[in-house]
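Colleague: I am new to this structure and would like to go through the contacts in it. Could you bring it up, please?

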Amino acid sequence: MSANLPEFNLVKPSSIAEALAAFRDQPHAKFCAGGTDLIPNMRHGLFEVETLIDLGQIVGFDAVTINGADIELGAGISLSKLVGRADIRERFPAIVKACEKVAGLSHREAATLGGNLCLETRCLYYNQSEWWRKSNDYCLKYQGDICHVAPRGNRCRAAFCGDLAPAFMVHRAEVELVSLNGARRLPLADLYVEDGAAHLALQPGEILASVHLPAARARSTYGKICQRGAIDFPQAGVAVSCRKEAGVLQFELAFTGTNSKPILLEYREPLGPKTDADSYFEALEKQVQKSVSPQRTTTTAPHYRRLAVAALAVRLARGLV
Amino acid sequence: MKRIVSLNINGKPVEDAIADNLLLIEYLRETRRLTGTKQGCDGGECGACTVLINGRPRLACITLASTCDGAKIETIEGQGEGGRLSALQRAFHENLGTQCGFCTPGMIMASEGLLRQNPDPDDAEIKAALGGNICRCTGYVKIIKSVRAAAQQSAGAA
């Protein structure tokens, strides 16, 4: 890793309006929240930036607002504060479990909800030093012509590896995006695009301002496959929620680490008292295997990750019954 | 660009002109000469650079110094008092929680952050708090024992 960060100007707005205005004045600027992923990436020379807009000083950016049964989380809330909230732990257990599995405690003190949802995609051929990438003629995600993961393809296959997105997706979260043109709200799943080089549907200058969690309750959990117990991105991760409607159970699952975007699987087959559970979960496992598409973005084989994440999904789903 | 930043480092107020791209680890080691904070992986993966910012553990190698304006920063140099080791420093020494010593400042600062929040942690809580700190010598058993001993000693002294 290089000894120093390249030179840049840091802008510290105290409101979202100031942050948006700063981007208007410096359209090549980059937004930064906790910086736990962005700063190591800068040190690896993965991108250059003349101006960094620090969202960490924005007043109220970490606010939690209760609107009736809905909860609105400011995108600047740190993961450690999220873990410490009893209401989130009680109503949205997958979210707290996912937060607790992000990196280490010191990272979670700085890392933010918005930063994790907008996490840069990762790849074995991208998250390397400058000399490593240069000796490999770079790649489609940065200055290169081909994707080394899928050389015959026409898009970057880098994987989205955020832990929080699947947990929020199975709780049907929505995100509020703001720009100088106004605000828009969309389901979290619609924030993502299946393209490792441009995986966010954010417009230039648009900021993820908050996340809305609905009143509807569901049992939920999150698990991930990783090589280390801490400070590790998921080789594959899965969040599962379970709702009881008209006497039968239905599952929603979401996956990370397998594709360039988190994948949502709304499994509409009902699990009732007379359903053969073994056959049901066998079918669910096969459906998961079909839904995800791990690539050679890590040193762990894609086939193993596909089988493992399906097995983990079934284990977690069975635990919710 | 440089900007004037006010900090409180180990109880002493300081003001410095700090470049926007200066990392907290560089500022502490090169400008303030507080070399107890170690530069390990230099990418947020080993925990050797752990310091306390406003009482909570943070990684100095992935923190911009100029974003700490107004913050209270504590490093390993601020842990002892009047030439006496802190409870954690003494416990690491007496329980052989230190071998080569490179990871020790980060381990102690992460442990200090834990004990302030939770004065009586169990082993699982200690492991969770130190999950981001890597030691390549001791194998962790004696480190966990050291933190437990410091907690017990503080409880006994209270």
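Modeller: A salt bridge is a good place to begin: A:Asp37 pairs with A:Arg122, with the closest N and O atoms 3.7 Å apart. The term requires a side-chain nitrogen of Lys or Arg within 4 Å of a carboxyl oxygen of Asp or Glu. This is a predicted model, in which local features need pLDDT of at least 70 and side-chain atom pairs count only at pLDDT 80 or more, while totals for chains, interfaces and linings use all residues. Residues are numbered from 1 along each chain as its sequence is written, chains are lettered from A and ligands numbered from 1 in the order in which they are written, and side-chain values use heavy atoms, with hydrogens and water left out.

Colleague: Which domains is chain A divided into?

Modeller: Domain 1 covers 1-59, and domain 2 covers 60-122 + 158-320; such bounds come from an automatic or database domain assignment. Taken over C-alpha atoms, the centres of the two domains of chain A are 26 Å apart.

Colleague: How many residues of domain 1 of chain A are in contact with domain 2 of chain A?

Modeller: 14 residues of domain 1 of chain A meet 18 residues of domain 2 of chain A, where contact means heavy atoms within 4.5 Å. The two domains of chain A bury about 1,300 Å² between them, 74% of it on carbon and sulfur atoms. Buried area is the accessible area (1.4 Å probe) that two parts lose on being put together, summed over both.

Colleague: Which three residues supply the most area on the side of domain 1 of chain A?

Modeller: A:Leu20, A:Thr36 and A:Asp37 supply 37% of the area that domain 1 of chain A buries against domain 2 of chain A. A:Asp37 is also the residue in the salt bridge with A:Arg122, and the rule finds one salt bridge across this domain interface.

Colleague: Now to the other chain. How much area do chain B and chain A bury between them?

Modeller: They bury about 2,300 Å², 54% of it on carbon and sulfur atoms. B:Asn21, B:Ile62 and B:Leu64 lose the most area in chain B, together 24% of what that side buries. The contact involves 26 residues from chain B and 28 residues from chain A.

Colleague: And how many salt bridges are there between chain B and chain A?

Modeller: The count is two salt bridges. One of them joins B:Arg56 to A:Glu109, with the closest N and O atoms 2.6 Å apart.
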